[in-house]
Amino acid sequence: MGKVLMKGNEVIGEAAIHAGCYYFFGYPITPQSELVAYMAKRLPEVGGLFLQSESEVSAINMVYGAASAGKRVMTSSSSPGFSLKQEGISYLAGAELPAVIVNVARGGPGLGNIQPSQSDYFQVTKGGGHGDYHTPVLAPANLQEIIELTSDAFRIADQYRTPVILLGDGMLGQMMEPVEFNEKTETGDNFMKDWATTGTEGDGLPKVITSLDLNDVKLEQRNHRLQAKYRKIENNETKVEVKNVEEADYVIVAYGTVARIAHSAIEKARQDGIKVGLIRPISLWPFPKKIISDTSKNVKAILTVEMSAGQMVEDVRLAVEGKSPVSFYGRTGGIIPTVDEIYREILKLGKGVTS
Amino acid sequence: MESNRIIVTGHYGSGKTEYALHEALQKEGSQIYLCDLDVINPYFRSRDYKEELEVNGVNLVAPKGDLMKADLPIVTGEVAMRLNEKDATVIIDVGGDEDGATVLGQFAPVIEEMPYEFLFIANMNRPSVATAEKMISVIRAIELNSRLHVTGIIHNTHLCGEAVTSEEIHHGETVCQEVSKKLGVPLVATMIEEELYKEISESLIAKEQLIIFKRRLRSPWYV
């Protein structure tokens, strides 16, 4: 097919269509509006259905409906709009419905601004809504990876019957990069969805999709089933990129676009003879605890860099369990850390200064 | 055609802002105004280069203060004011596609009072203009919404910093020439990023006038 130049938000849309998603319900919000606009234009061309809802709340409930019918379905938003979807995401998790929800995050809290941010990490990785649940979270760092991870997100959703979050930031949504799509598209038909509420043929009980269990014993059983599923996902779906960690004295943990900035800073430090490696969690939940724990035994210090006041760093510290010092550098309010800023933080590690 | 009214239009990712910045910084004189009319994109706009522009004597016309970083459809009244100044050099960086061009429509009567250049920037690597037919349809839609006629095409095949080959540039130019013939508007030039030009200048078969430019819109990991 050859390389084309696309905007991150457009890539998410096209990648979803390639993954066999023909249903999209959404509401525009900067910096992810191009995704909604792209779906509005593209889905009718491929025989799909696009519907702009009156709010994020209705969009996520339309997703609940389409997922109940066994269809691959997506919705998207940015931070404030994503918060509005939380109730629905908890319902999807409880009812065990596969769906993909995109958050192209922006500065917060509240209305915040329209600049890029990673301050929704807690929200997406720790449940976000009410009840004991997790959603797998995939965080691409470049536009080509969006294609791969969007396909993964739909596969994980169907395989485990769970909502999956695709987390980007405004930078990833707005930037342009060359990408290449596979000629082949998926359908998702390889997943048996005998639970889908598409009608019975008089051959059994009615199919019911619900997250309601008035019976406490049954609700506990449902929770046990969910937890068992989450352990399976933890075992099978942890994804991480590791660079130059084996001989490193220091390691940076960063995800998404920030990992790319960190990578440039690492290259600069390595030219100065400072041995720095990079661990980039690709799945934020499940979190790549093991590699971080193992690495922490062999390095002098770990630095976590985020566009937040320090969220993922908590998971890093839990994984490290005190085996090495963990410091943090973050920018908030939509300000993007620069290569030089991260480089200076690396130099501080060398001097034994940790915050 | 020498004119001190240059309006830069195109599809998303064509390189409008790169061209507008390049053009504005080339100009000499005291009354140079670069108007950022982009109400479509929240990032990667001319206004992000305010400092560099001002240091080099170019006045940025964009929403002021905090509103500069908003996604609101704000058009400052200063745009009309500058367009009414005969001696001012006014460059307008319009938002992408026909939606971005809609904003321009309100200024069509005042723009038409003087000679102007309405340039369409074309990047063949963007799917929406990848063929002559598609490009013509985008140009037509922009013309309709802006109520102005495109007076020239600037060819800018690129992949946002990733190398493109001489053949790809040649192919892009050929398609632009075809559009130029069909629409009866000149293909003004081919834009090539400075660093890429150094690499491929020997094998370049592009025939049009070249604009060698320094890329300003960079990702934060670029060193």
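1. Start with β1(A), and keep in mind that this is a predicted model. Both faces of β1(A) are covered: Val4(A) and Met6(A) are buried on one side, and Leu5(A) and Lys7(A) are buried on the other. That split fits the usual pattern, as side chains in a regular strand alternate between the two faces of the sheet. Note that Lys7(A) is among the buried residues here.

2. What does β1(A) pair with in the antiparallel sense? The partner is β8(A), residues 176-179, and four bridges join the two strands. If you want a spot to check the register, look at Met6(A), whose bridge partner in β8(A) is Glu177(A). Met6(A) is also one of the buried residues of β1(A).

3. Next, α2(A), which covers residues 33-45. Its 13 residues reach 19 Å from first C-alpha to last, close to the 18 Å expected at 1.5 Å a residue. Even so, α2(A) bends by about 25 degrees, and the place to look is Met39(A). Just past the end of the helix, Gly47(A) has a positive phi of about 80 degrees.

4. Which residues of α2(A) are buried? The run from Ser33(A) through Glu34(A), Leu35(A), Val36(A), Ala37(A) and Tyr38(A) to Met39(A) is, and Leu43(A) joins them. So Met39(A), where the helix bends, is itself buried. As a reminder, an α-helix has 3.6 residues a turn, so residues three or four places apart point the same way. The buried residues of α2(A) pack against one helix, α1 (8-18), and against the strands β1 (4-7), β2 (23-26), β3 (49-52), β4 (73-77) and β5 (99-105), with every one of these elements in chain A.

5. Further along chain A there is an open sheet of five strands, ordered β9-β11-β10-β13-β14, with mixed pairing. Its edges are β9 (240-243) and β14 (326-330), each paired on one side only. Neighbouring strands are turned by 20 degrees against each other on average, direction ignored. Within the sheet, β10(A) (250-253) and β11(A) (276-281) pair in the parallel sense over four bridges, and Val251(A) stands opposite Gly277(A) in β11(A).

6. Two helices lie across that sheet. α10(A), residues 256-271, lies across β10, β11 and β13 (301-306), running at about 170 degrees to β11(A). α13(A), residues 339-350, lies across β10, β11, β13 and β14, and runs at about 160 degrees to β13(A).

7. Over in chain B, eight strands make an open sheet with parallel pairing, in the order β3-β2-β4-β1-β5-β6-β7-β8. The edge strands are β3(B) (58-61) and β8(B) (210-213), each pairing on one side only. From one strand to the next, the twist averages 25 degrees. At the β8 end, β7(B) (187-193) and β8(B) pair in parallel over four bridges, with Glu193(B) opposite Phe213(B).

8. For helices over the chain B sheet, look at α1(B) and α7(B). α1(B), residues 16-26, lies across β1 (5-10), β2 (32-37), β3, β4 (89-94), β5 (117-122), β6 (152-155), β7 and β8, at about 170 degrees to β4(B). α7(B), residues 166-183, lies across β5, β6 and β7, at about 170 degrees to β6(B).

9. Last, the contact between the chains. How many residues does each chain put in? Chain B gives 18 and chain A gives 22. On the chain B side, the residues divide into 10 nonpolar, four polar and four charged.

Methods. Residues are numbered from 1 along each chain as its sequence is written. Chains are lettered from A and ligands numbered from 1 in the order in which they are written. This is a predicted model: local features need pLDDT of at least 70, side-chain atom pairs count only at pLDDT 80 or more; totals for chains, interfaces and linings use all residues. The expected span of a helix is 1.5 Å times one less than its number of residues. The bend at a residue is the angle between axes fitted to the seven residues ending there and the seven starting there. A residue is buried if 20 or more other C-beta atoms lie within 10 Å of its own, exposed if 12 or fewer, and partly exposed in between; C-beta atoms are placed from the backbone. Two residues are in contact if their C-beta atoms, placed from the backbone, lie within 7 Å. Ala, Val, Leu, Ile, Met, Phe, Trp, Tyr, Cys and Pro count as nonpolar, Asp, Glu, Lys and Arg as charged, and the others, Gly among them, as polar. Two strands pair if DSSP finds at least two bridges between them. Axes are lines fitted to C-alpha atoms, for helices over the stretch in contact, and angles run from 0 to 180 degrees between N-to-C directions.
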